[in-house]
Amino acid sequence: MRKDGSAPPPESGSSVSPDRPWFTRRSTLVVGVAALAPAALAGWVLTQVLAGSGPDGQQPRPLPASHAAGSPGQRDAKSGSTASGSPTAVATTPAAAPVPAPAPAKGPLAGKTVVVDPGHNTGNFKHTDEIDQQVDIGTGHKECDTTGTTTNSGYMEAEFTYDVSQRLRAALEAQGAKVVLTHQQDRPWGPCITERARIGNEANADAVVSVHADGVSAGSRGFHVILPAKVKGGAADTSKIVGPSRELGERIAGNFARTTGSAPANYLGSGTGLVVRDDLGGLNLSTRPKVFIECGNMRDAKDAAQLTSPEWRQKAAQGIADGIVGFLGG
Ligand code: ZN
């Protein structure tokens, strides 16, 4: 991330040494300081060099409070929350930049309710009998819930979805939304897909997002957003949500691509990043605008490298949040 040419050359007669080309990229203020106090500057320069802070050292790095506060993403330590990011920002920024407190009930989402559904549950693996129970999704029957996938190194989709959901909640609350999570890893398994849908319905949610990551063959890459098909049967009737859900999904897909730099899936959706399905109980039973997002493919090494990165997950959450803000007219 070079920013050459952003500062004027040092004035002639300045004490700035020409053999430090990186210095010329610093601000004019620094140049002024250099002219006034070369000795002090030398000390400052040394400090910066020793601390490893380069020109990017002051770049904002939005790590959420929820992560720093030791939220349930306990496996983040394993995946290297700092090692996977830029080491330059660590320890040099005075007192870890104050976390912006969410503005209570202000912002573009004030008065809006968003339900966030972390796909699966880390305990589902141990409760296969329970989650295999068949539930009525209106158009048919399906398993109550599924285990989800993992990366090849064992990072569980359910860990991923919960971590992103926590970050998403923080981002949405910062915009003034009321956020309801369908579960908080506070139960041994589930909830069933029927209950996940019901939570969104009963909250009268303005938007619902179910967070997932896919588990398909290596080489399949990218994200996709799943939109509800028009279905009718039993308790399922999506006729009223098909339109707004598509708009929600398009907003999320566009913003997700922007914040993460990820491309739409290369293995389905014809490059649009959008897929319509009629077989998901969580969509069929929803009466509120709702989409799923498959953030990437956990079985592809390149996608997995992103999915296991806390910084990437923050970008993912921000993209989803931005899409919701756009959808809700922020
Ligand atoms: Zn999933």
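What follows is a walk through the sheet, two of the helices packed against it and the zinc site of a predicted model.

The sheet makes a handy starting point. It is open, has 6 strands with mixed pairing, and reads β4-β1-β5-β10-β6-β9 in order. At the edges sit β4 (178-181) and β9 (274-277); each has a single partner strand, so one side of each goes without a neighbour in the sheet. From one strand to the next, the twist averages 25°. At the β9 end, the pairing with β6 (residues 224-228) is parallel and runs over 4 bridges, with leucine 227 bridged to valine 276 of β9.

At the other end of the order, β1 (113-118) pairs with two strands. Its link to β4 is parallel and made of 4 bridges, and here valine 115 has valine 180 as its bridge partner in β4. Its link to β5 is parallel too, this time with 5 bridges, and aspartate 117 stands opposite serine 210 of β5. As for burial, β1 is mostly covered, with 6 of its 6 residues buried. That goes for both faces: Thr113, Val115 and Asp117 are buried on one side, and Val114, Val116 and Pro118 on the other.

Now for the helices. Helix α7 (residues 193-202) lies across β1, β4, β5 (207-214) and β10 (290-297), and its direction is at about 170° to β1. Which residues of α7 are buried? They are Ile193, Arg196, Ala197, Ile199 and Gly200. Looking down the axis of α7, these buried residues fall within an arc of 155°, so they line one face of the helix. Just past the end of α7, asparagine 204 adopts a positive phi of about 55°.

Helix α11 (residues 310-327) also lends itself to a quick sanity check on geometry: at 1.5 Å a residue, its 18 residues should span 26 Å, and the end C-alpha atoms are indeed 26 Å apart, which agrees. This helix is mostly covered, with 13 of its 18 residues buried. As with α7, a positive phi turns up just after the helix, here at glycine 329 and about 85°.

That leaves the metal. The zinc ion takes its protein donors from His120 (NE2), Glu157 (OE) and His212 (ND1), which lie 2.0 to 2.1 Å from the ion. Along the sequence, the donor residues follow the spacing H-x36-E-x54-H. Where do the two histidines sit in the fold? Histidine 120 is in the loop between β1 and α5 (128-131), while histidine 212 belongs to strand β5, so the pair ties together parts that are 92 residues apart in sequence. Are these histidines buried or exposed? Buried means under 20% relative accessible area. Histidine 120 comes in at 7% and is therefore buried, and histidine 212, at 8%, counts as buried as well.

Put together, β5 ties several of these threads together: β5 pairs with β1 in parallel, is one of the strands that α7 lies across, and carries the zinc donor histidine 212.

Key. Residues are numbered from 1 along each chain as its sequence is written. This is a predicted model: local features need pLDDT of at least 70, side-chain atom pairs count only at pLDDT 80 or more; totals for chains, interfaces and linings use all residues. Side-chain values use heavy atoms; hydrogens and water are left out. The expected span of a helix is 1.5 Å times one less than its number of residues. Buried means under 20% relative accessible area, exposed over 50%, partly exposed in between (1.4 Å probe, protein chains only). Two strands pair if DSSP finds at least two bridges between them. Axes are lines fitted to C-alpha atoms, for helices over the stretch in contact, and angles run from 0 to 180 degrees between N-to-C directions. Contact means heavy atoms within 4.5 Å. The arc is that of the directions from the helix axis to the C-beta atoms. Donors are N, O and S atoms within 2.8 Å of the metal (3.2 Å for Na, K and Ca); water is not among the atoms, so sites may look incomplete.
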